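User: I would like a close look at a single part of this structure. Please describe its surroundings step by step, in terms a first-year student can follow.

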Amino acid sequence: MEYRLAVLASGEGSNLAALRGAGVRAALVIADRACGALGVARAQDIPALLIPRGSRRTRDLFDEEVVAALGAFGITHIACLGFMTILGRRMFGAYGGRIYNGHPSLLPAFKGAHAVEDAIAAGVSMTGCTLHEMELAIDSGRIIAQARVPIEPGDAVETLRARIKAREHELYPWALGHVLAES
């Protein structure tokens, strides 16, 4: 089966740009808020949709709209890269086993939205990034690939986050490329 990848994003779009640079082509970008990823998608001539999660849209309604958009574009696989909305049962019912998430820690350590801050606060010497197959439980699922990033003395959240991001730009395209090639 030839894959058609959608990237779900909430941030600047640097991982989306890294995918393209490594030859992994997205067929659609969906953002849950106005963000840089939408501009990166447009610059790469990738269709881009804004489906805001917002406080008035339930997770079920959000999932329903996203699943409908994915279906309309013939999407087969999803990569959540910098995506900050929790997906619900409808998404996993439609795409379970084909949703991948990038996370800025060496899972299972430091799950959740504050992984970089939590790693520094814990005083560990090593963290990194993980690409994993998503499940309904947050930051769980089969680990596909990980890359280590040392925490240096005096590291601030932003300096560590920048080094993790650099490793993400190497790891995610490589790992997704392999997963998609095997599909």
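Analyst: The model shown is predicted. The part chosen here is strand 5, which covers residues 99-103.

The burial of the strand is considered first. Five of the five residues in strand 5 are buried, and the strand is described as mostly covered. Both of its faces are covered: one side carries Ile99, Asn101 and His103, and the other carries Tyr100 and Gly102. Here, a residue counts as buried if its relative accessible area is under 20%.

The neighbouring strands come next. Strand 5 pairs with strand 4 in the parallel sense, over three bridges. Within this pairing, Tyr100 of strand 5 is the bridge partner of Ala79. Between the two strands the chain passes through helix 4, and this β-α-β crossover from strand 4 to strand 5 is right-handed. Strand 5 also pairs with strand 6 (residues 126-133), this time in the antiparallel sense and over four bridges. Tyr100 has a bridge partner in strand 6 as well, namely Glu133.

The loop between strand 4 (77-80) and helix 4 (89-95) contains Phe83. A search of the whole structure finds one aromatic pair. That pair consists of Phe62 and Phe83, which are stacked at 6.4 Å centre to centre, with 25° between the planes. Phe62 belongs to helix 3 (residues 59-72), so the pair ties together parts that are 21 residues apart in sequence. Phe62 is buried, with a relative accessible area of 1%. Phe83 also counts as buried, because its relative accessibility is 8% and the cut-off for burial is under 20%.

How values were computed
Residues numbered from 1 in each chain as written. Predicted model: local features only at pLDDT ≥ 70, side-chain atom pairs only at ≥ 80, totals over all residues. Heavy atoms only, no water. Phe/Tyr/Trp six-rings, centres within 6.5 Å; stacked < 30°, edge-to-face > 60°. Buried < 20%, exposed > 50% of the residue type's maximum accessible area, 1.4 Å probe, protein only. Pairing = 2+ DSSP bridges. Right-handed = clockwise from strand over helix to strand, strands pointing away.
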